[in-house]
Amino acid sequence: MTRLATTFSAPHPALVCFITAGDGDTAANLDALVEGGADVIELGMPFTDPMADGPAIQAANIRSLGAGTTTAEVLRHAAEFRQRHPQVPLVLMGYANPMIRRGPDWFADHCAAAGVDGVICVDLAPEEDPDLGPALRDKGIALIRLSTPTTSDARLPDVLDGSGGFLYYVSVAGITGLQSAAIADIEANVSRIKRHTALPVAVGFGVREPEQAAEIARVADGVVVGSALVRLVEQHGTHAPRHLRDLTARLAKAVHSARKANP
Amino acid sequence: MTENTPNSFRNQPDERGHFGQFGGRYVAETLMPLILDLEKEYRRAQADPAFQEEFDDLLEHYVGRPSPLYFAPRLTEELGGAQIWFKRDELNHTGAHKINNCIGQILLAIRMGKTRIIAETGAGQHGVATATVCARFGLPCVVYMGAEDVRRQSPNVFRMKLLGAEVRPVTAGRGTLKDAMNEALRDWVANVHDTFYIIGTAAGPHPYPELVRDFQSVIGKEARAQLLDRTGRLPDLAVAAIGGGSNAIGLFHPFLDDPSVKLLGVEAAGKGLHGEEHAASLAGGFPGVLHGNKTYLLQDEDGQITEGHSISAGLDYPGIGPEHAWLKETGRVEYTSATDTEALQAFQLLCRTEGIIPALEPSHAIAAIAQRAAAMPKDAIILANLCGRGDKDIFTVAEALGVEM
């Protein structure tokens, strides 16, 4: 069983935590997330043009690139994380151009060597899957696709075809970190998705507070938190790990103790 | 041409929106359903004679088409070679070719029931054209414009405001066209239910490159017919400036299957191709993915996008429309570049010889003509698109020439 499958087969919903690679002390920040109780790590690959991201993650991308972060360093952070945490799934999240710059096989090979479990490519529509999907799947790396409130039942099979790991349900039509969706809408959409797939469904965008995370965890297999964590890195710099650990612990407690929708 | 030459250069893109390896639909999932709807609606519009009639009627009576085809006698004489003819798209309502596309897209937006319009703009010409059609059809309009461009193009900012548009300056990145497009995409993804994004150039996710090209092809169709009517022949060379490439593809597309017509696109070489201060994606870039399509991009070895530079705010975009990327690879169109200095000289040359103040964008095309005309015979014909007028640029030019106004 893959690390992602093992995690999502646990008796409680999963907490998925995002930070941007190269923003602050990445190794210490990642360790803090794991110590706080994160079940899956999403490591953001910085990009000059993060079109789907709100102000918090845009700023993190700018800080990271300003500090000179390269693709090689992102992969090194992943590989070192894998050494320190052999069991915790790690997913890279970013945009197509940095992922395909040296060719899909180069990226898939290096992800595999670094122990990366999955890849979320925000602007790679299923229609353009050949650019990255086959190379990743060949290496046993899950291409984790996103579904949104605008993804119809008719379109869902296309989104799910070739998807692996889990499905990331983007709960609001918008950019990261701003509005939050109503829980009834989330519940309806998660059950709609589950009629089409056996993949676990993790819900993200606009999740900040433990109470909110618990509500979502009652109806989904996982909860993704990003901007709220990234803001702590922005506010606290090298002192961020302690704050990341505290927020993650509160989120993990809320998520893990929520009833799982589909045990 | 090799034996792999396609039967026609005019049947792209394929059904998935690809021009060879370029183009496509690289957008966040939230936008995909809307993009697919837009394609469906565009196909219906193409098959609907009423749509074409309304488009043609607005172009004739509102935009002022057909724009004249003008033989430039004194420029021809000064350069001492081929005859130079200008397609006068700078005489359009709003002063540039951009309005052709905006008319087409707002008609599509209305067909789709969208009630709010957004756009990005660099030089401000597309922003002005979008604000204009929004006023004409009574739709609210938000224009994203890089903060640096707001400074460089203040007359156009005021024009947009007069026309009722809200101009939102974008400070991210270097505050130019690329950053404005990111912000417009962020707005769109959050407002897909009621908002139509009028993209200003022949780039972005499919079907934008195709539909922008189709709406702009009125330039080449008219010019081809006008030149045949006036001279009984086709041009030997057709020339246009390229930022994203909408005026160039509009001029070139109707000539793509005329093998005797050489086509020349002119990118902005800024301070020179040797450094990083230019915006020549084809000459200095590599294929990659940005803003919804795969095309040539200015980028580093990690795929981070580098900032374009040009004295012309309309050309300093680090990418180019995907059809141009394909036309470069097939060899059907030749691409060259002109520097800021060459464009400034060409700007002054046209002012002096023909009494026409061109925008800095077509000044790049004129610079390329100035280099080639003399080597061509006197009975040869060069057709160039004068895609915008220079009123908006006089402050930039004055600054570059060290003149205080």
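1. Strands β2(B) and β12(B) are joined by two bridges and run antiparallel; helices (H or I, at least four residues) and strands (E, at least two) are DSSP runs, numbered from the N terminus. The residue in β12(B) that serves as bridge partner of Y26(B) is G292(B). This is a predicted model, in which local features need pLDDT of at least 70 and side-chain atom pairs count only at pLDDT 80 or more, while totals for chains, interfaces and linings use all residues. Residues are numbered from 1 along each chain as its sequence is written, and chains are lettered from A and ligands numbered from 1 in the order in which they are written.

2. The wider setting of this pair is an open sheet of four strands in chain B, ordered β1-β2-β12-β11 with antiparallel pairing; two strands pair if DSSP finds at least two bridges between them. Its edge strands, each pairing on one side only, are β1 (18-19) and β11 of chain B. Helix α13 (residues 322-330) of chain B packs on the sheet and touches β1, β2, β11 and β12 of chain B. The direction of α13 makes about 45 degrees with that of β12(B). Here, axes are lines fitted to C-alpha atoms, for helices over the stretch in contact, and angles run from 0 to 180 degrees between N-to-C directions. Contact requires C-beta atoms, placed from the backbone, to lie within 7 Å.

3. H291(B) belongs to the loop between β11 (286-290) and β12 (292-297) of chain B. Its phi is positive, about 55 degrees, although H291(B) is not a glycine. H291(B) counts as buried because 28 other C-beta atoms lie within 10 Å; the classes are buried at 20 or more other C-beta atoms within 10 Å of the residue's own, exposed at 12 or fewer, and partly exposed in between, with C-beta atoms placed from the backbone.

4. A second open sheet in chain B has six strands in the order β3-β4-β14-β9-β10-β13, with mixed pairing. The edge strands are β3 and β13 (333-339) of chain B, each of which pairs on one side only. On average, neighbouring strands of this sheet are turned by 25 degrees against each other, direction ignored. Helix α15 (residues 360-372) of chain B packs on the sheet, touching β4, β9, β10 (262-270), β13 and β14 of chain B. The direction of α15 makes about 145 degrees with that of β9(B).

5. Within chain B, strands β9 (residues 237-241) and β14 (residues 381-385) run parallel and are joined by three bridges. I382(B) in β14(B) is the bridge partner of L237(B).

6. An unreviewed UniProt entry places the feature "modified residue: N6-(pyridoxal phosphate)lysine" at K98(B). UniProt positions are given in the numbering used here, feature names are shortened, and annotations may be inferred rather than shown by experiment. K98(B) lies in helix α4 (residues 98-111) of chain B. K98(B) is classed as buried because 31 other C-beta atoms lie within 10 Å. Leaving aside residues up to four places away in sequence, K98(B) touches Q125(B), H126(B), A129(B) and G200(B).

7. The backbone geometry of chain B merits inspection at several further sites. Most residues other than glycine have a negative phi, and most peptide bonds are trans. T94(B), in the loop between β4 (83-87) and α4 of chain B, has a positive phi near 80 degrees. T94(B) is buried, with 23 other C-beta atoms within 10 Å. The peptide bond from R65(B) to P66(B) is cis, with omega near -5 degrees; P66(B) is in the loop between α2 (49-63) and β3 (69-71) of chain B. H206(B) and P207(B) are also joined by a cis peptide bond, with omega about 10 degrees, and P207(B) is in the loop between β8 (195-197) and α9 (208-216) of chain B.

8. Chain A contains twelve helices and nine strands. Its radius of gyration is 17 Å, in agreement with the value near 18 Å for a compact globule of 263 residues; the radius is taken over C-alpha atoms, and the globule rule is 2.2 Å times the number of residues to the power 0.38. Buried residues make up 58% of the 263 residues in chain A.

9. The contact between the chains takes 27 residues from chain B and 32 residues from chain A. The largest share of the chain B side, six residues, comes from α8(B).

Conventions: Two residues are in contact if their C-beta atoms, placed from the backbone, lie within 7 Å.
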